[in-house]
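Please study the sequence and the three-dimensional structure shown below. Then work through the exercises in order.

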Amino acid sequence: MSKITAAITAVGGYLPDFVLSNKVLETMVDTNDEWITTRTGIKERRILKEEGKGSSFLAIKAAENLIEKSGINPEDIDLVIVATATPDMKAASTAAYTATQIGAVNAFSYDLEAACSSFLFGMSTASAYIESGRYKKILLIGADKNSSFINYKDRATCIIFGDGAGAVLFEPNEEGLGLQDELLRSNGEGREFLRAQRGGSSYPINADTFAEGSHYVFQDGKTVFKNAVFNMADVAERILKRNNLTNDDVQWLAAHQANKRIIDATANRINLEDEKVMMNIQKYGNTTSATLPLLLWDYEKQLKKGDTIIFAAFGGGFTWGSIYFKWAYNS
Ligand code: UT7
(Lines give C-alpha, C1' and ligand atoms only; values in the text may rest on other atoms or scores of the structure.)
Protein backbone atom coordinates (compact mmCIF):
# COMPACT_ATOMS: atom_id res chain seq x y z
CA MET A 1 0.00 0.00 0.00
CA SER A 2 1.32 3.47 -0.86
CA LYS A 3 2.18 5.86 1.95
CA ILE A 4 -0.61 8.27 2.90
CA THR A 5 0.30 11.92 2.41
CA ALA A 6 -1.74 14.94 3.55
CA ALA A 7 -3.09 17.06 0.70
CA ILE A 8 -5.13 20.24 0.59
CA THR A 9 -8.36 19.47 -1.28
CA ALA A 10 -10.37 22.70 -0.85
CA VAL A 11 -9.83 26.36 0.02
CA GLY A 12 -12.07 29.16 1.34
CA GLY A 13 -11.60 32.72 2.47
CA TYR A 14 -13.25 35.79 3.90
CA LEU A 15 -12.43 39.47 4.28
CA PRO A 16 -14.54 42.04 6.07
CA ASP A 17 -16.04 44.77 3.85
CA PHE A 18 -14.51 47.82 5.50
CA VAL A 19 -11.39 49.02 3.62
CA LEU A 20 -8.81 51.05 5.55
CA SER A 21 -6.69 52.74 2.88
CA ASN A 22 -3.31 54.42 3.25
CA LYS A 23 -5.05 57.70 2.47
CA VAL A 24 -7.33 57.31 5.48
CA LEU A 25 -4.37 56.31 7.69
CA GLU A 26 -2.75 59.62 6.70
CA THR A 27 -5.56 61.33 8.61
CA MET A 28 -5.04 59.16 11.69
CA VAL A 29 -1.24 59.09 12.24
CA ASP A 30 1.84 60.89 10.94
CA THR A 31 2.40 58.80 7.81
CA ASN A 32 1.80 58.94 4.08
CA ASP A 33 0.80 56.66 1.23
CA GLU A 34 4.20 56.91 -0.45
CA TRP A 35 6.10 55.83 2.70
CA ILE A 36 3.77 52.90 3.41
CA THR A 37 3.80 51.73 -0.21
CA THR A 38 7.56 51.85 -0.69
CA ARG A 39 8.46 50.47 2.76
CA THR A 40 5.84 47.72 2.99
CA GLY A 41 4.00 47.25 -0.34
CA ILE A 42 0.64 47.73 1.42
CA LYS A 43 -2.07 49.95 -0.12
CA GLU A 44 -5.06 48.95 1.98
CA ARG A 45 -6.25 46.46 4.60
CA ARG A 46 -9.66 45.20 5.77
CA ILE A 47 -11.11 45.82 9.23
CA LEU A 48 -13.92 44.00 11.03
CA LYS A 49 -15.84 46.86 12.57
CA GLU A 50 -18.95 45.31 14.07
CA GLU A 51 -19.16 45.25 17.84
CA GLY A 52 -19.05 41.80 19.44
CA LYS A 53 -17.62 40.00 16.41
CA GLY A 54 -14.22 38.39 16.85
CA SER A 55 -11.92 36.05 14.96
CA SER A 56 -14.55 33.29 15.03
CA PHE A 57 -16.79 35.46 12.85
CA LEU A 58 -14.02 35.59 10.23
CA ALA A 59 -13.23 31.88 10.66
CA ILE A 60 -16.88 30.83 10.27
CA LYS A 61 -17.26 32.88 7.09
CA ALA A 62 -14.08 31.40 5.56
CA ALA A 63 -15.16 27.87 6.51
CA GLU A 64 -18.64 28.41 5.08
CA ASN A 65 -17.08 29.62 1.84
CA LEU A 66 -14.99 26.42 1.68
CA ILE A 67 -17.99 24.20 2.48
CA GLU A 68 -20.12 25.86 -0.18
CA LYS A 69 -17.41 25.68 -2.85
CA SER A 70 -16.42 22.08 -2.16
CA GLY A 71 -19.85 20.66 -1.33
CA ILE A 72 -18.50 18.70 1.67
CA ASN A 73 -20.84 17.76 4.49
CA PRO A 74 -19.62 19.53 7.67
CA GLU A 75 -20.75 16.49 9.68
CA ASP A 76 -17.90 14.53 8.02
CA ILE A 77 -15.19 16.84 9.41
CA ASP A 78 -13.10 15.10 12.12
CA LEU A 79 -11.12 18.04 13.46
CA VAL A 80 -11.27 21.83 13.26
CA ILE A 81 -8.09 23.74 14.08
CA VAL A 82 -8.28 27.53 14.30
CA ALA A 83 -4.83 29.06 13.97
CA THR A 84 -5.08 32.48 15.58
CA ALA A 85 -3.17 35.04 17.62
CA THR A 86 -6.43 36.83 18.46
CA PRO A 87 -8.86 34.30 19.95
CA ASP A 88 -12.39 35.54 20.68
CA MET A 89 -11.96 35.17 24.43
CA LYS A 90 -9.62 33.72 27.01
CA ALA A 91 -10.37 30.25 28.34
CA ALA A 92 -13.11 29.50 25.76
CA SER A 93 -11.85 27.85 22.57
CA THR A 94 -12.51 29.87 19.42
CA ALA A 95 -12.30 26.66 17.37
CA ALA A 96 -15.04 24.97 19.41
CA TYR A 97 -17.44 27.83 18.74
CA THR A 98 -16.46 27.91 15.05
CA ALA A 99 -16.93 24.15 14.61
CA THR A 100 -20.39 24.22 16.18
CA GLN A 101 -21.52 27.21 14.14
CA ILE A 102 -20.53 25.58 10.83
CA GLY A 103 -22.26 22.32 11.73
CA ALA A 104 -19.08 20.26 12.29
CA VAL A 105 -20.93 18.48 15.08
CA ASN A 106 -18.82 15.31 14.96
CA ALA A 107 -15.48 17.12 15.17
CA PHE A 108 -13.20 17.95 18.05
CA SER A 109 -11.52 21.31 17.82
CA TYR A 110 -8.86 23.53 19.30
CA ASP A 111 -6.92 26.74 18.77
CA LEU A 112 -3.27 26.83 17.75
CA GLU A 113 -1.16 29.90 18.50
CA ALA A 114 2.29 30.66 17.13
CA ALA A 115 1.79 34.31 16.11
CA CYS A 116 2.31 34.81 12.37
CA SER A 117 3.53 31.20 12.02
CA SER A 118 0.28 29.77 13.43
CA PHE A 119 -1.10 28.60 10.10
CA LEU A 120 2.23 27.17 8.90
CA PHE A 121 2.63 25.18 12.13
CA GLY A 122 -1.04 24.16 11.79
CA MET A 123 -0.26 22.67 8.38
CA SER A 124 2.29 20.45 10.08
CA THR A 125 -0.18 19.43 12.81
CA ALA A 126 -3.03 18.72 10.38
CA SER A 127 -0.74 16.72 8.10
CA ALA A 128 0.61 14.60 10.95
CA TYR A 129 -2.94 13.61 11.97
CA ILE A 130 -3.80 12.69 8.37
CA GLU A 131 -0.57 10.73 7.87
CA SER A 132 -1.29 8.81 11.09
CA GLY A 133 -4.41 7.41 9.40
CA ARG A 134 -6.59 8.30 12.38
CA TYR A 135 -8.48 11.21 10.79
CA LYS A 136 -9.71 11.79 7.24
CA LYS A 137 -10.97 15.37 7.08
CA ILE A 138 -9.28 18.21 8.92
CA LEU A 139 -10.35 21.81 8.54
CA LEU A 140 -7.48 24.21 9.23
CA ILE A 141 -8.52 27.84 9.49
CA GLY A 142 -6.22 30.85 9.89
CA ALA A 143 -8.22 33.76 11.32
CA ASP A 144 -7.14 37.00 12.93
CA LYS A 145 -8.90 40.16 13.97
CA ASN A 146 -5.70 42.12 14.42
CA SER A 147 -7.61 45.39 14.74
CA SER A 148 -8.65 44.17 18.20
CA PHE A 149 -5.15 44.74 19.61
CA ILE A 150 -3.72 47.47 17.41
CA ASN A 151 -3.21 51.00 18.67
CA TYR A 152 -4.38 53.23 15.83
CA LYS A 153 -2.12 55.98 17.17
CA ASP A 154 1.03 53.86 16.70
CA ARG A 155 2.32 54.26 13.15
CA ALA A 156 4.83 51.43 13.60
CA THR A 157 2.02 48.84 13.74
CA CYS A 158 -1.30 50.28 12.53
CA ILE A 159 -0.12 50.63 8.93
CA ILE A 160 0.76 46.94 8.67
CA PHE A 161 -2.02 44.83 10.15
CA GLY A 162 -5.45 43.89 8.82
CA ASP A 163 -8.25 41.41 9.57
CA GLY A 164 -9.19 38.30 7.58
CA ALA A 165 -9.46 34.51 7.46
CA GLY A 166 -8.65 31.64 5.15
CA ALA A 167 -9.52 27.95 5.44
CA VAL A 168 -8.18 24.74 3.89
CA LEU A 169 -9.30 21.14 4.04
CA PHE A 170 -6.66 18.43 4.55
CA GLU A 171 -7.42 14.90 3.32
CA PRO A 172 -5.39 11.73 2.73
CA ASN A 173 -3.76 11.38 -0.69
CA GLU A 174 -2.35 8.22 -2.25
CA GLU A 175 -0.56 9.87 -5.18
CA GLY A 176 2.18 11.32 -2.98
CA LEU A 177 0.79 14.88 -3.18
CA GLY A 178 0.49 17.34 -0.30
CA LEU A 179 3.06 17.95 2.44
CA GLN A 180 6.51 16.63 1.49
CA ASP A 181 8.88 18.14 4.06
CA GLU A 182 8.99 20.80 6.76
CA LEU A 183 11.56 22.84 8.64
CA LEU A 184 10.02 24.59 11.65
CA ARG A 185 11.82 26.65 14.28
CA SER A 186 11.37 29.01 17.25
CA ASN A 187 13.51 31.21 19.49
CA GLY A 188 11.92 32.66 22.63
CA GLU A 189 14.54 35.38 22.94
CA GLY A 190 12.61 37.21 20.23
CA ARG A 191 9.51 37.88 22.28
CA GLU A 192 10.61 41.27 23.53
CA PHE A 193 10.66 42.61 19.97
CA LEU A 194 7.07 41.81 18.98
CA ARG A 195 4.38 41.36 21.59
CA ALA A 196 1.24 42.59 23.29
CA GLN A 197 2.72 42.64 26.77
CA ARG A 198 -0.37 43.09 28.92
CA GLY A 199 -3.53 41.06 28.88
CA GLY A 200 -1.87 37.66 29.27
CA SER A 201 -1.07 35.78 32.47
CA SER A 202 2.28 37.48 33.19
CA TYR A 203 0.92 40.99 33.19
CA PRO A 204 -2.87 41.20 33.43
CA ILE A 205 -4.47 44.50 32.46
CA ASN A 206 -5.60 46.68 35.31
CA ALA A 207 -6.97 50.19 35.62
CA ASP A 208 -3.49 51.66 36.25
CA THR A 209 -1.87 50.09 33.20
CA PHE A 210 -4.72 50.53 30.79
CA ALA A 211 -3.87 54.14 29.99
CA GLU A 212 -0.26 53.34 29.08
CA GLY A 213 -1.52 51.08 26.27
CA SER A 214 0.76 48.09 26.87
CA HIS A 215 -2.11 45.74 25.97
CA TYR A 216 -1.66 46.83 22.34
CA VAL A 217 0.84 45.20 19.99
CA PHE A 218 4.31 46.67 20.13
CA GLN A 219 7.05 45.91 17.64
CA ASP A 220 10.65 46.90 17.20
CA GLY A 221 10.19 46.91 13.43
CA LYS A 222 13.86 46.99 12.44
CA THR A 223 14.84 44.01 14.61
CA VAL A 224 11.81 41.98 13.51
CA PHE A 225 12.52 42.90 9.89
CA LYS A 226 16.16 41.74 10.06
CA ASN A 227 15.25 38.47 11.76
CA ALA A 228 12.39 37.83 9.35
CA VAL A 229 14.56 38.38 6.29
CA PHE A 230 17.39 36.21 7.59
CA ASN A 231 15.34 33.33 8.97
CA MET A 232 12.63 33.02 6.32
CA ALA A 233 15.17 33.07 3.51
CA ASP A 234 17.39 30.63 5.41
CA VAL A 235 14.75 27.93 5.95
CA ALA A 236 13.37 28.30 2.42
CA GLU A 237 16.86 27.81 0.99
CA ARG A 238 17.61 24.86 3.29
CA ILE A 239 14.39 23.03 2.48
CA LEU A 240 15.13 23.31 -1.25
CA LYS A 241 18.68 22.05 -0.77
CA ARG A 242 17.81 19.06 1.36
CA ASN A 243 15.14 17.98 -1.16
CA ASN A 244 17.51 18.51 -4.12
CA LEU A 245 15.20 21.13 -5.65
CA THR A 246 16.37 23.94 -7.89
CA ASN A 247 14.38 27.09 -8.61
CA ASP A 248 13.14 25.45 -11.84
CA ASP A 249 11.43 22.74 -9.78
CA VAL A 250 9.43 25.33 -7.82
CA GLN A 251 6.25 26.80 -9.29
CA TRP A 252 5.25 29.03 -6.35
CA LEU A 253 6.47 30.76 -3.21
CA ALA A 254 3.70 31.34 -0.65
CA ALA A 255 5.37 33.52 1.97
CA HIS A 256 3.83 35.21 5.00
CA GLN A 257 2.65 38.68 3.97
CA ALA A 258 4.18 41.08 6.51
CA ASN A 259 6.27 43.31 4.29
CA LYS A 260 6.84 43.08 0.52
CA ARG A 261 10.57 43.68 1.05
CA ILE A 262 10.80 40.58 3.28
CA ILE A 263 8.96 38.47 0.68
CA ASP A 264 11.20 39.79 -2.12
CA ALA A 265 14.32 39.00 -0.09
CA THR A 266 13.14 35.39 0.44
CA ALA A 267 12.33 35.02 -3.27
CA ASN A 268 15.74 36.43 -4.23
CA ARG A 269 17.57 34.01 -1.97
CA ILE A 270 16.01 31.04 -3.77
CA ASN A 271 16.26 32.75 -7.19
CA LEU A 272 12.53 32.78 -7.90
CA GLU A 273 11.11 35.00 -10.61
CA ASP A 274 8.40 37.52 -9.62
CA GLU A 275 5.66 35.57 -11.49
CA LYS A 276 6.19 32.66 -9.10
CA VAL A 277 5.79 34.74 -5.96
CA MET A 278 2.25 34.86 -4.59
CA MET A 279 1.45 38.35 -3.36
CA ASN A 280 -1.67 39.95 -1.92
CA ILE A 281 -0.16 42.17 0.77
CA GLN A 282 -1.16 45.26 -1.24
CA LYS A 283 -4.86 44.45 -0.65
CA TYR A 284 -4.98 42.95 2.82
CA GLY A 285 -1.79 43.94 4.72
CA ASN A 286 -0.57 41.49 7.35
CA THR A 287 -3.50 39.31 8.45
CA THR A 288 -1.22 37.16 10.70
CA SER A 289 -2.60 33.58 10.62
CA ALA A 290 -4.67 34.27 7.51
CA THR A 291 -1.97 35.34 5.06
CA LEU A 292 -1.03 31.87 3.76
CA PRO A 293 -4.57 30.49 3.23
CA LEU A 294 -5.67 33.81 1.70
CA LEU A 295 -2.82 33.47 -0.81
CA LEU A 296 -4.13 30.01 -1.74
CA TRP A 297 -7.65 31.43 -1.98
CA ASP A 298 -6.53 34.23 -4.31
CA TYR A 299 -4.29 32.01 -6.49
CA GLU A 300 -6.37 28.81 -6.44
CA LYS A 301 -7.41 29.06 -10.11
CA GLN A 302 -3.77 29.34 -11.23
CA LEU A 303 -2.57 26.31 -9.25
CA LYS A 304 -2.14 23.03 -11.12
CA LYS A 305 -2.10 19.49 -9.82
CA GLY A 306 1.51 18.57 -9.03
CA ASP A 307 2.74 22.18 -8.65
CA THR A 308 5.47 22.60 -6.06
CA ILE A 309 4.75 25.34 -3.51
CA ILE A 310 7.31 26.50 -0.97
CA PHE A 311 5.56 27.97 2.08
CA ALA A 312 7.49 30.23 4.46
CA ALA A 313 6.52 32.27 7.50
CA PHE A 314 8.03 34.29 10.32
CA GLY A 315 6.32 35.72 13.39
CA GLY A 316 6.35 36.76 17.00
CA GLY A 317 8.01 34.54 19.55
CA PHE A 318 10.07 34.34 17.35
CA THR A 319 8.60 31.48 15.32
CA TRP A 320 9.37 30.59 11.71
CA GLY A 321 9.62 27.83 9.17
CA SER A 322 9.17 26.53 5.66
CA ILE A 323 7.13 23.72 4.13
CA TYR A 324 7.67 21.94 0.81
CA PHE A 325 4.25 21.09 -0.59
CA LYS A 326 2.72 19.58 -3.75
CA TRP A 327 -0.66 20.88 -4.88
CA ALA A 328 -3.29 18.16 -5.41
CA TYR A 329 -5.95 19.46 -7.79
CA ASN A 330 -6.91 21.63 -10.75
CA SER A 331 -9.86 23.93 -10.14
O1 UT7 B 1 4.30 39.49 10.81
C2 UT7 B 1 5.14 39.49 11.91
C3 UT7 B 1 6.42 40.04 11.58
N4 UT7 B 1 6.38 41.47 11.36
C5 UT7 B 1 7.17 41.95 10.43
O6 UT7 B 1 7.78 41.19 9.73
C7 UT7 B 1 7.35 43.45 10.32
C8 UT7 B 1 8.82 43.75 10.17
N9 UT7 B 1 9.16 45.14 10.14
C10 UT7 B 1 8.82 45.97 9.10
O11 UT7 B 1 8.10 45.58 8.21
C12 UT7 B 1 9.43 47.33 9.06
O13 UT7 B 1 10.45 47.43 10.00
C14 UT7 B 1 8.43 48.49 9.26
C15 UT7 B 1 7.49 48.59 8.07
C16 UT7 B 1 7.64 48.31 10.53
C17 UT7 B 1 9.20 49.81 9.36
O18 UT7 B 1 9.99 50.00 8.19
P19 UT7 B 1 11.52 50.36 8.30
O20 UT7 B 1 12.03 50.50 6.92
O21 UT7 B 1 12.20 49.35 9.19
O22 UT7 B 1 11.45 51.77 8.96
P23 UT7 B 1 12.19 52.30 10.29
O24 UT7 B 1 11.47 51.85 11.50
O25 UT7 B 1 13.65 52.04 10.17
O26 UT7 B 1 11.99 53.85 10.13
C27 UT7 B 1 12.60 54.60 9.05
C28 UT7 B 1 12.10 56.04 9.15
C29 UT7 B 1 12.22 56.63 10.55
O30 UT7 B 1 12.49 58.01 10.40
P31 UT7 B 1 14.00 58.57 10.55
O32 UT7 B 1 14.44 58.16 11.92
O33 UT7 B 1 14.78 57.91 9.46
O34 UT7 B 1 13.80 60.04 10.37
C35 UT7 B 1 10.87 56.44 11.14
O36 UT7 B 1 10.57 57.36 12.15
O37 UT7 B 1 10.70 56.08 8.83
C38 UT7 B 1 9.97 56.65 9.93
N39 UT7 B 1 8.71 55.93 10.03
C40 UT7 B 1 7.61 56.29 9.37
N41 UT7 B 1 7.35 57.30 8.53
C42 UT7 B 1 6.11 57.37 8.01
C43 UT7 B 1 8.45 54.80 10.76
N44 UT7 B 1 7.18 54.43 10.57
C45 UT7 B 1 6.63 55.32 9.72
C46 UT7 B 1 5.35 55.46 9.13
N47 UT7 B 1 5.14 56.50 8.28
N48 UT7 B 1 4.35 54.60 9.37
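The exercises below treat a helix, a sheet, unusual backbone angles and salt bridges.

This is a predicted model, in which local features need pLDDT of at least 70 and side-chain atom pairs count only at pLDDT 80 or more, while totals for chains, interfaces and linings use all residues. Residues are numbered from 1 along each chain as its sequence is written, and side-chain values use heavy atoms, with hydrogens and water left out.

**Exercise 1. Describe helix H5 and state whether it is enclosed or open to the outside.**

Step 1. Helices (H or I, at least four residues) and strands (E, at least two) are DSSP runs, numbered from the N terminus. H5 spans residues 118-132, which makes 15 residues.

Step 2. The expected span of a helix is 1.5 Å times one less than its number of residues. From first to last C-alpha, H5 reaches 21 Å, close to the expected 21 Å.

Step 3. A residue is buried under 20% relative accessible area, exposed over 50% and partly exposed in between (1.4 Å probe, protein chains only). Eleven of the 15 residues of H5 are buried, so the helix is largely enclosed by the rest of the structure. Among them are Phe119, Leu120, Phe121, Tyr129 and Ile130.

Step 4. Just after H5, Gly133 adopts a positive phi of about 85 degrees.

**Exercise 2. Determine the strand order of the open sheet and locate H5 relative to the sheet.**

Step 1. Two strands pair if DSSP finds at least two bridges between them. The order of the four strands is S8-S13-S12-S11, with mixed pairing.

Step 2. S8 (178-186) and S11 (252-255) stand at the edges with a single partner strand each, so one side of each has no neighbour in the sheet.

Step 3. Eight bridges join S8 to S13 (residues 319-326) in the antiparallel sense. Within this pairing, Leu184 stands opposite Gly321 in S13.

Step 4. Contact means heavy atoms within 4.5 Å. H5 packs on the sheet and touches S8, S12 (308-315) and S13. Axes are lines fitted to C-alpha atoms, for helices over the stretch in contact, and angles run from 0 to 180 degrees between N-to-C directions. The direction of H5 makes about 130 degrees with that of S8.

**Exercise 3. Examine the backbone at Ala91, Ala115 and Phe318.**

Step 1. Ala91 has a positive phi near 75 degrees although it is not glycine. This residue lies in the loop between S4 (79-83) and H4 (94-101), and Ala91 is exposed at 93% relative accessible area.

Step 2. Ala115 also has a positive phi, about 50 degrees. Its place is in the loop between S5 (108-112) and H5, and at 14% relative accessibility Ala115 is buried.

Step 3. Gly317 and Phe318 are joined by a cis peptide bond with omega about -5 degrees. Phe318 belongs to the loop between S12 and S13.

**Exercise 4. Which parts of the chain does the salt bridge of Arg269 and Glu237 tie together?**

Step 1. A salt bridge is a side-chain nitrogen of Lys or Arg within 4 Å of a carboxyl oxygen of Asp or Glu. The count by this rule is 13 salt bridges.

Step 2. In the pair of Arg269 and Glu237, the closest N and O atoms are 2.7 Å apart. Arg269 lies in H8 (residues 260-269) and Glu237 in H7 (residues 221-242), so the pair ties together parts 32 residues apart in sequence.

Step 3. Arg269 is partly exposed at 31% relative accessibility, and Glu237 is partly exposed at 24%.
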